[in-house]
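Visitor: I've got a structure open and I'd like to learn how to read the way its helices pack. Can you take me through it?

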Amino acid sequence: MTTTLTEIKHLPTLALLVCCEYLAIFKKTVAMHEVFLCRVAAHPILRKDLNFHVFLEYNQDLSVRGKNKKEKLEDFFKNMVKSADGVIVSGVKDVDDFFEHERTFLVEYHNRVKDASAKSDKMTRSHKNVADDYNRIGSSLYSLGTQDSTDICKFFLKVSELFDKTRKIEARVSADEDLKLSDLLKYYLRESQAAKDLLYRRSRSLVDYENANKALDKARAKNKDVLQAETTQQICCQKFEKISESAKQELIDFKTRRVAAFRKNLVELAELELKHAKGNLQLLQSCLAVLNGDT
Amino acid sequence: MAAEREPPPLGDARAADLEELEDGEDLFTSTVSTLESSPSSPEPVNLPAEDLSTNSNGPKPAEIMLDDDREDLFAEATEEVSLDSPERDPMLSPKPTPAITPVTPVTLVAPRMESKSVAAPVIFDRSREEIEEEANGDLFDIEINVSDPEKVGDGMNAYMAYRVTTKTTLSMFHKNEFSVKRRFSDFLGLHSKLATKYMHIGYIVPPAPEKSIVGMTKVKVGKEDSSSTEFVEKRRAALERYLQRTVKHPTLLQDPDLRQFLESSELPRAVNTQALSGAGILRMVNKAADAVNKMTIKMNESDAWFEEKQQQFENLDQQLRKLHASVEALVCHRKELSANTAAFAKSAAMLGNSEDHTALSRALSQLAEVEEKIDQLHQEQAFADFYVFSELLGDYIRLIAAVKGVFDHRMKCWQKWQDAQVTLQKKREAEAKLQLANKPDKLQQAKDEIKEWETKVQQGEKDFEQISKTIRKEVGRFEKERVKDFKTVIIEYLESLVQTQQQLIKYWEAFLPEAKAIA
């Protein structure tokens, strides 16, 4: 009977736990959205997009329709084609050193970020498990404290309190690591994928341009449809040059942003880790002072 | 309630024992070659001090000075041992990193009450001091270490031999410091002997560590991996705690079997401890029979104290098991965290390598280094989680089983007394019948039987009262020990947590400027 009583006494803690979890997830989601919107706003072209303006200014409900089955299927096929094509296209060696370097870099970077992101996830999850264990230990100690017949009951209650408090800190450590490290890596996983996609699109247009050149030469040789071939070649050339120019800028921006984001998050991570460790230390030391004073 | 325990009559028994011992002691000392009475020899004092300080939070210098006194008194009884011998160091079991040390609830030197000016050693005085130490709460000057696990033999007949080192100034031992090699079955044999002698009269005999066929087989087969080293270390620590608890018990400390275990270089092999031996099977059968008997004994408890205590121990058992399960989960998760941190560290290092911005690349490498160090920290913390906290809980769960056993013995004792009373009644009725039937020869036999059973009933009552008294005393002692143990161990555990946080602060403080330096 006494066990259930102590469990009931711990209900507020359970409710608190759920609240803390919700808050952590909420913080995460909000942060991600903020980063996304800031990115769009900072982009010279995208910031002018009408959809973006509507999103920011329209003060009533935006009825956004999710993709229906047909669109999802289209996406799926597009992706398939893209990856197949990407393999073919990536075989083409680039004349431009900048892009060649970028491609090599991005492929390796993307893979490593993927790995780091996965490992970081596992690490933060383990941290959370430890925090949960502290919670259970705290409540076990509480039961021991309320039922013991000797003078150790006060002792147990104090230590139970300590575990409850330190658990909160550990949970926050886990949440902050998730926010500052795991999410950062996840974001750059997707960013590097987007950059790879950009390179793919450029390579695609390069291939198209080269094909158009070959077609033009053939047309000139046969003296047939030369004008048409010339126009196609012109368009492809323009497209290629335009995409090369913007891609170059995008990739440079990517690097700048990446460095800034990592810097911000790593600094904040270190500061938070320090804050929590100091908080934990103070908790432990003051608890020890009380316990040692009593004995 | 436990605090009001009066100095037990055990003291009287002890005095008697000790007096006899001292006589015997003199006999021994005359056979010992060197009988130099060394006046205040500072050397022996240094030894316990150093070792104690590495093993636990050592005694303060003041207490060591008092040790000096004692040396004076025992000087003529003890052989002068060369304590500067190099073998001193190997006896300290290789402990892990200084940050966290496994608990060795070492019995420290008792702060002495008498002034230093105690005169010439009189046998009687010596025993008085020892009793006084005891009354101060079982603080004896004896320290046990179990170290240097060594594999002996090959294949399935192989076994681990452990070195058991005793350091003491108690006069009942031949030397101040000595060590022997023992194997696991020796420990089990010792426990078996002590349990047989003392449990049925109400003494709580500390249980020996559990057997593990799986663990031991791995070691025998010769797997030199981390899990078998861990197993051996776990066992070594458990054996050490077991002996330390046993010698803390004032009655058990007097036992000749215990002394033989600690002192003699050769010990007859305890074959009866093997699980599948004849004795082993007999044990299992007896256990089953006991369990059945327990269910059928319905004792009308005249003493509410016992009922109350049994209930309390039942509750405590449940709570401890729950807590133990949670702590074991913590150990498991902490180890996972350590592994995952290490994996992340490697991954971050790789990421740093492929990052082409120099400053960021360097910062990521630094992050990898920090995480690697943190992984080490987690490992050490998991070690403390287990050896300091989890093992204590496991020990107490087994100890409470022993306490319950003692309560059961009391029930059996009561039953025996009741049975004797019933038999006596029957004999009396038989005698009455014979009186009427007028058969003089059988009558005498009947009268003799009545006398026999009257004695048995008296003995039964006396035994029951004795065991009840002993249990009360033992439980009081147990509760005191428990409180002390838990307080010490939990404080030690919290201190390990403090260490971890302090290290974390250091590491992140070192990393922060590196992160800020990314330009």
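Guide: Sure! Helix 5 of chain A and helix 6 of chain A make a left-handed crossing. Keep in mind that this is a predicted model.

Visitor: How do people describe a pair of helices like that?

Guide: In general, two packed helices are described by the angle between their axes and the distance between the axes. Here, helix 5 (residues 97-147) of chain A and helix 6 of chain A cross at roughly 165 degrees, and their axes come within 7 Å. Angles over 145 degrees count as roughly antiparallel, so helix 5 of chain A is roughly antiparallel to helix 6 of chain A.

Visitor: What classes of residue make up the contact of helix 5 of chain A with helix 6 of chain A?

Guide: By class, that contact has 25 nonpolar, 16 polar and 13 charged residues.

Visitor: How many helices and strands does chain A have?

Guide: Chain A has seven helices and zero strands, so if you read along the sequence, the pattern is α-α-α-α-α-α-α.

Visitor: And how do I judge the overall form of chain A?

Guide: Try the radius of gyration. For a compact globule of 295 residues it would be near 19 Å, but chain A has 29 Å. The C-alpha trace of chain A also spans about 105 × 45 × 35 Å along its principal axes.

Visitor: Which helix of chain B packs with helix 6 of chain A?

Guide: That's helix 14 (residues 440-516) of chain B, packing against helix 6 (residues 152-222) of chain A at an angle of about 20 degrees, with the axes 11 Å apart. Angles under 35 degrees count as roughly parallel, and therefore helix 6 of chain A and helix 14 of chain B are roughly parallel to each other. Their crossing is left-handed.

Visitor: Which residues should I click on for that contact?

Guide: On helix 6 of chain A, try F155(A), F156(A) and L162(A), among others. On helix 14 of chain B, the contact residues include F486(B), I490(B) and L494(B). The residues of this contact divide into 12 nonpolar, one polar and two charged.

Visitor: Does a record say anything about chain B?

Guide: An unreviewed UniProt entry places the feature "coiled-coil region" at residues 436-470 of chain B. In the model, that span is 94% helix and 0% strand, and its end C-alpha atoms lie 45 Å apart.

Visitor: Could you show me one more pair?

Guide: Look at helix 7 (residues 213-221) of chain B and helix 8 (residues 226-248) of chain B, which pack at an angle of about 120 degrees with their axes 9 Å apart. That makes helix 7 of chain B oblique to helix 8 of chain B. Helix 7 of chain B passes helix 8 of chain B in a left-handed crossing.

Visitor: Which residues meet there?

Guide: G215(B), M216(B), K218(B) and V219(B) in helix 7 of chain B meet residues of helix 8 of chain B, including F231(B) and R235(B). By class, the contact has four nonpolar, three polar and two charged residues.

Methods:
Residues numbered from 1 in each chain as written. Chains lettered and ligands numbered in written order. Predicted model: local features only at pLDDT ≥ 70, side-chain atom pairs only at ≥ 80, totals over all residues. Heavy atoms only, no water. Axes fitted to C-alpha atoms, helices over the stretch in contact; angles between N-to-C directions. Helix = DSSP H or I, 4+ residues; strand = E, 2+ residues; numbered from the N terminus. Parallel < 35°, antiparallel > 145°, perpendicular 65-115°, else oblique. Left-handed = near helix turned anticlockwise from the far one by under 90°. Contact = heavy atoms within 4.5 Å. Nonpolar A, V, L, I, M, F, W, Y, C, P; charged D, E, K, R; others polar. UniProt positions renumbered as here; feature names shortened; annotations may be inferred. Rg over C-alpha atoms; globule rule 2.2 N^0.38 Å.
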